[in-house]
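Thanks for asking me to look this over with you. Here are my notes, point by point; keep the viewer open while you read.

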Amino acid sequence: MSLLVLLVLAPALPGVAAKTKAVLTGRRGAPVMQLYWDLFRLVRKGAVYSTTTTWMFRVAPVAGLVTPLLALGLLPLDGRRAPFGFTGDFVAFAALLALGRFTLVLAALDTGSSFEGMGASRDATFASLVEPALFLSFVVLALATGQLSLEGMLGGAQALPWGAAAPALTMVAVSLFFVLLTEASRVPVDDPATHLELTMIHEVTVLDYSGPDLALLLYGAALRMALFAALPVSVLASRAHLPVAAALGVLVAGLVTVAVAVGVVESSMARLRLSRVPQFLVAASVLASLGAILQLLT
Amino acid sequence: MERLADLLLLLVLLFGFLILGTTRLTTCIRAVAVQGGLLGLLPLVLHPQWSVHTLGLAAGTILVKAIVLPAFLIWAIRESAVRREVEPRVGYVASLVLGIFAVAVAGAVATRLPVPGEHPVLLVTTSLACVIMGLQVLATRAKALLQVVGYLMLENGIYVFGLTSLDRVPFLVEIGVLLDVFVGVFIMGIVVFHINREFDSLDSARLTELRD
Amino acid sequence: MSLCFVGLALIAASAACAALLRTRLVLAERAYGLLVSAGCVAAAIPAFRVLAGGSAAVVRLSIPAPSGPWVFGLDFLSAAFLLVILGPGLASALYGVRALGSAQDRRGVATARALFAVELVALVLVVLARAVVPFLVAWEVMAVLAYFLVTFDNERTEVRRAGWVYLVATHAGTLALIALFTSWAGVGGGLTFDALAARAGSLPAGGALVLCLALFGFGLKAGLVPLHFWLPDAHGSAPSHVSALMSGVVIKMGIYGLIRVVSLLGAPPAWWGWLVLVSGVVSGVLGVLWALAQHDLKRLLAYHSVENIGIILIGLGTGALGAAYGVPLVAVLGFAGAVLHTVNHALFKSLLFLGAGATVHATGTRIMDRLGGLGRRMPLTWVSFLIGSVAIVGLPPLNGFVSEWVVYLGLLHGGTSGGSIRLVLFGVAGLAIIGGLALACFAKVCGIVFLGVPRSDAALHGHEVSAGMLGPMFGLAGVCVFIGLAPGLAVGPALVVGASIARVSLPSSVGDVLAGIVRLGIWSLVLVMLLALGAVAWGAIRRRRSIARAETWGCGYALPSARMQYTASSFAAPLLAAYGPLAGVHETLDRGGGAFHTHASELVLERAILPAWAAVRGVLGRLRPLQQGRLWVYLLYVIATLLLLLLYLARGVSP
């Protein structure tokens, strides 16, 4: 049930972030539901395929949708149980999203264009540098709860031990927010509003897509944003003791808050220089490992 | 109170990482100032029975570490008109990773070190981590002013360690703080100014030209 | 067990066929193929029986010999490694039949095929040996034969140099192994593995010398950093099926040796476990980093073997730490992960090398920056290479993900128990870094070589290779997919093998892991089905829209050329820049001539081994004047030595 709600609500999140950014910079901005209209419009259009692309180009949007969908199935969205969890499934979580990224990078290289190649190379670089931050955050959660599945760590019977492990859990939440900024390609890693191909990273990886494929990719990207926003929300707000409807409401409110926070970050910072982005990503890992060390000391 | 002490020590560590990872000189100096301020609050939190002694120590530390010294250093920057920063010798990413190793080693040693008395385990960890990170800044940064910042961070670490013996040895921490800091900064200040007047840059790597 | 020896005899017969039937080529190839297949299948059946039946078949075959009895046996560990040898070995042998068939020198080809079969026999004997002397004899035969197989193209200088470095490295390893076994057995001790295990309790310092020598000697064969320096040259210069055998099987013999030593010694001391874990992380990260910097396809795959050896060592270290700290679940999971990853890596690394060999065979060049667009010209090779790449990066639903999952579980169970073992959690960060870098590296390889537009004439002439070469590749790919979709069938026996190495019985909490495996298998199936359904459904939707074809959008640039595509070195450049001088990349920029050149150097070889060798040569050069070349000087040396010896012997004797 919560999965369906999230699937419907996911495209609203980028709209919330964009609206926040617009309001903070003194504009009116696009409506929050803009992405829904875009998806509807794109699905009805035809597509233009490049003569150099092969079947890999057409498979990547499908993988880009299926992988976040299946990953959502591993999270305890209603605060208690995940639709399909198992021991050690957070490894599967990260690996699944890596599969989606792998197909997307290959599809970008399939077009034989230097712009896509540049975007693919940078995308792969940032993804590989932020992977340890995600894993270390899960390690801290495993240490704090003693559980080894996402369902156990973020939902389940026991609430997170905020009493004893508060500093570590705060740092995990901040580190997961940094991971969200990277995976959703937001400032300070990538600027989703730029129009110059040489300054795009994720946007230029999908430069050659059009029509229904682009719709799939945009929806998949919105799902990934919802996925990575659900992680810090689950860490910060433990919902195990709430009834199902209230837990869902808390989750949605949390997601909207995270989207607003993303908008605030986007309007107050510029994108980092490309050679400084690895520093930012390593800072996310440093925060998570500091949390792990703190947890090991107590 | 114990949680507040843990929080303060954690913030000290986080500002240490800020010093390791930032590019701007003024940010480094402000970070070490905030570290000093947090450390000034620490004796008040560790010993909730506030005697005149602890209040005086706290006030003195905040005055010296958080207000006077940073102001002096910022004035020195303005005098010599240096803003930019050169990459550390090992790169920013490697500096951050070495910082994490420093904290890990400090944590491993802190759990085994036989320090008398009851302290939060984060206390000894933070002090050793600050010492190692201060030494790392001293070794890997080229600008003489940043080496002063590294020295101050080293001093902060020693101060934190001194807090473990606050009740037992009177005036140990105070004398250490005042004397070391003043002597260090005074000498560094003189040297910095003289370097600036005699040569064109504050790059300490070029000090090797002074030999024979 | 006797079926094993029947299989070995069949393989040896195939070697004889290849060597003797030089003139009747077609008959020789058919006979060779048939006999090798029959032999491998026959030898594999006992292994399957042992792994499935659940009881160790310790069947002994004692051959009395002067140095003690030669004992052979097949237990769980040997059975697992037997599968490692026979599967990829068979595939490489069949591939080699086709691949070398087009080479010019007929006599060289026949000898190469015969030696390949004898190498398979030697490998099986290494794994079956249960006494020191047969083990070392088989080891040495395997090493020397591998040298001959590697230097097949020996008219090229770099191949000869690579073979030479390999020979030096492997003999240094063998020397360490001889020292290892002699120090372990002691003076007058028994030389069978059982006698060594009995003596293990009385070794000084918990067997520190034995363990360090084992890490050095077997590490040289396995290729852990910094003992890997011979690997890239040797595996890059060998013919592709030989590279597949070496990378997939021969370096695993180093791992086999390490695991055998650990299993015979009992619980190793904790410091050794930490040492293995740290060297595993370092090998993994540096291996894949250096792989990212390579331009040559086969050298890149060779460095990837170093990385996967690192992952196997992480599993081994976790298992050793679990045994040292007395946490049986961690020990079982760690060892099981190491063994499972060995099997999986043998499968997909051989697959990748065979695919790379097909590419080189079709285009004639190994440099990635001259290839491109081969996915259209060699579609079947592309599909099998893609399966191998997805497997090696550790992505679901294939087998690399399953073995990495087991290793992660071992690390996490170690982290959530109490005590100092919790520090293994930093191995999780290491594995995550390795996984991320591997993804970037294989995205580079697949994208640059198989996708896009051809970058040179060599790539334009790419064509699909023959069925004889595709067959083994698809066989290996099929096994990868099978293990990925039915992980329970592989992980169950792996856990049994892990328990036998750690010498504990399977702990009850393993049931939780097995339940997790079953769900993982179902989940992988769901993933594949969803992807297939999605592709079909989306294809149906797409077909109802209007589809147009055009040039790739180049921001309005009217004349894009193939040279404007991203190159392999540009793809890897941001990631290598983030790691700085560790990556070992030298750039030279010639502004006047308009040239830019990057060179990926082998850091350990160029910074440590070669300068050390030059220093030793310098010192030894001082002794050169001793060799005067004149007979009477040498006679003088003999007389002087004789006099000194007589005086030394006489000093203790009173008149």
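1. Let's start with the surface of chain A. Its accessible area comes to about 9,300 Å², and carbon and sulfur atoms own 69% of that. Bear in mind that this is a predicted model, so every value here is computed from predicted coordinates.

2. What is chain A built from? You should find 12 helices and 1 strand. Walk along the sequence and the order reads α-α-α-β-α-α-α-α-α-α-α-α-α. The radius of gyration is 19 Å, close to the 19 Å that the globule rule gives for 298 residues, so chain A is as compact as a globular protein of that length. If you'd rather think in box dimensions, the C-alpha trace spans about 55 × 45 × 40 Å along its principal axes.

3. Now look inside chain A. Of its 298 residues, 68% count as buried. Take the contacts between residues at least 6 apart in sequence: 80% of them join residues at least 24 apart. As for charge, chain A carries 18 positive and 16 negative side chains, and the centres of these two sets lie 7 Å apart.

4. One residue in chain A deserves a click: A:Ser185. Its phi is positive, about 55°, although it is not a glycine. Why point that out? Most residues other than glycine have a negative phi. You'll find A:Ser185 in the loop between helix H8 (162–183) and helix H9 (202–205) of chain A. Is A:Ser185 buried or exposed? Its relative accessibility is 9%, and the cut-off for buried is under 20%, so A:Ser185 counts as buried.

5. On to chain C, which has 24 helices and 3 strands. Here the radius of gyration is 26 Å, close to the 26 Å that the globule rule gives for 655 residues, so chain C too is as compact as a globular protein of its length. Its C-alpha trace spans about 110 × 70 × 55 Å along the principal axes.

6. The same sort of bookkeeping works for chain C. Buried residues make up 56% of its 655. Among its contacts with a separation of 6 or more, 79% are between residues 24 or more positions apart. The accessible surface is about 25,200 Å², with 69% belonging to carbon and sulfur atoms. Chain C has 42 positive and 22 negative charges, and the mean positions of the two groups are 3 Å apart.

7. Where do the two chains meet? The contact takes 69 residues from chain A and 69 residues from chain C. Between them, about 6,300 Å² is buried, and carbon and sulfur atoms give 74% of it. On the chain A side, A:Phe84, A:Phe102 and A:Leu296 lose the most area to chain C, together 10% of what that side buries. Try showing those three as sticks.

8. Two peptide bonds in chain C are worth checking by eye. Most peptide bonds are trans. The bond joining C:Val225 and C:Pro226 is cis, with omega about 0°, and C:Pro226 sits in the loop between helix H8 (208–222) and helix H9 (231–237). Another cis bond joins C:Pro396 and C:Pro397, again with omega about 0°. Look for C:Pro397 in the loop between helix H15 (379–393) and helix H16 (399–416).

9. Next, a residue in a helix: C:Ala112, part of helix H4 (residues 106–128) of chain C. With a relative accessible area of 11%, C:Ala112 is buried. What does C:Ala112 touch, not counting residues up to four places away in sequence? The list is C:Leu100, C:Leu149 and C:Phe152. For a sense of scale, pick C:Ala562, which is 450 residues away from C:Ala112 along the chain: the C-alpha atoms of the two are separated by 39 Å.

10. Finally, a residue in a strand: C:Thr598, found in strand E3 (residues 595–600) of chain C. C:Thr598 has a relative accessibility of 15%; buried means under 20%, so this threonine counts as buried. Leaving aside neighbours within four places in sequence, C:Thr598 is in contact with C:His295, C:Ser569, C:Val585, C:His586 and C:Glu587. Find C:His295 in that list and trace the chain from there to C:Thr598.

How values were computed. Residues numbered from 1 in each chain as written. Chains lettered and ligands numbered in written order. Heavy atoms only, no water. Helix = DSSP H or I, 4+ residues; strand = E, 2+ residues; numbered from the N terminus. Rg over C-alpha atoms; globule rule 2.2 N^0.38 Å. Buried < 20%, exposed > 50% of the residue type's maximum accessible area, 1.4 Å probe, protein only. Contact = heavy atoms within 4.5 Å. Areas by Shrake-Rupley, 256 points an atom, 1.4 Å probe, with all protein chains shown as cover. Lys, Arg positive; Asp, Glu negative; His and termini not counted. Charge placed at Lys NZ, Arg CZ, Asp CG, Glu CD. Buried area = accessible area lost by both parts, 1.4 Å probe.
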